[in-house]
Amino acid sequence: MAGHLEETPHAAALGMKVERWGEQKCTLRVPYAEHLVGDPDTGVIHGGVITALLDNASGMSVRSDESSAERVSMATLDLRIDYMRPAAPGKDLLADAHCYRITTNVAFVRAVAYQDDPADPIATSVATFMLGTASAPRL
């Protein structure tokens, strides 16, 4: 599953990298890059990058071990984000996500996007993921 991130075109275009993955947690990093800037006058990263980072980290926390990684199909059911401040230009973005409950059909996740300190967030999120049936092999 960690290798899956590099195979996802959108995540690859953003330069997303896995920092930590396992035990229902995931930390991802997006290195600062000029092509991710949403406001050229300030150099601030576009909010869509933060959304994608939180969504990917959250989903990966649900599938946080190799045995469950490809077993069950999954889709983002709901993603609520509170943006608290703009990201500082020139600094990498990180997201820590924790899947705190999984039922038969739904997983619940909390996440935080930050740069230097998770206690000083850029954004926080809560998400739910719909879990489906066992994935069929791709031919």
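**Salt bridges and a nonpolar core**

At 32% relative accessibility, D82 counts as partly exposed, since that value falls between the cut-offs of 20% and 50%. The model looked at here is a predicted one. In it, D82 pairs up with R80 in a salt bridge, and the closest N and O atoms of the two are 2.3 Å apart. R80 is partly exposed as well, with a relative accessible area of 47%.

That pair is part of a bigger tally, as the structure holds five salt bridges. Another one brings together the side chains of R29 and E19, at 3.1 Å from N to O. Here the partners come from distant parts of the chain: E19 sits in strand β1 (residues 17-22) and R29 in strand β2, with their positions 10 residues apart. How open to the outside is R29? With a relative accessible area of 23%, R29 is partly exposed, and E19 gets that label too, at 42%. The story does not stop with two residues, though: D92 joins E19 and R29 in a network of salt bridges.

Loops get a turn as well. The side chains of D116 and K91 meet in a salt bridge, with 2.5 Å from N to O. This pair, too, ties together distant parts of the chain, 25 residues apart: D116 belongs to the loop between β7 and β8, while K91 belongs to the loop between β5 (72-83) and β6. D116 counts as exposed because its relative accessibility is 61%, which is over the 50% cut-off. K91, at 35%, is partly exposed.

Now for the inside. The largest nonpolar core is made up of 33 residues, and M16, L28, L54 and L93 have the most contacts within it. Several elements chip in at least two residues each, namely α2 (9-14), α3 (47-62), β2 (25-30), β6 (93-102), β7 (106-114) and β8 (123-134). Which of them gives the most? That would be α3, with eight residues.

L28 shows what such a core residue has around it. Setting aside its neighbours within four places in sequence, L28 touches a long list of residues, including L5, M16, V18, L53, A57, M60, L93 and A95. The list also takes in K17, E19 and N56.

Helix α3 also carries S58. Is S58 buried or exposed? S58 is buried, because its relative accessible area is 0%. Leaving out neighbours within four places in sequence, the residues in contact with S58 are A97, V109, A111, S125, A127 and F129.

How values were computed. Residues are numbered from 1 along each chain as its sequence is written. This is a predicted model: local features need pLDDT of at least 70, side-chain atom pairs count only at pLDDT 80 or more; totals for chains, interfaces and linings use all residues. Side-chain values use heavy atoms; hydrogens and water are left out. A nonpolar core is a set of buried Ala, Val, Leu, Ile, Met, Phe, Trp, Tyr and Cys residues joined through side-chain atoms within 4.5 Å. Buried means under 20% relative accessible area, exposed over 50%, partly exposed in between (1.4 Å probe, protein chains only). Helices (H or I, at least four residues) and strands (E, at least two) are DSSP runs, numbered from the N terminus. Contact means heavy atoms within 4.5 Å. A salt bridge is a side-chain nitrogen of Lys or Arg within 4 Å of a carboxyl oxygen of Asp or Glu.
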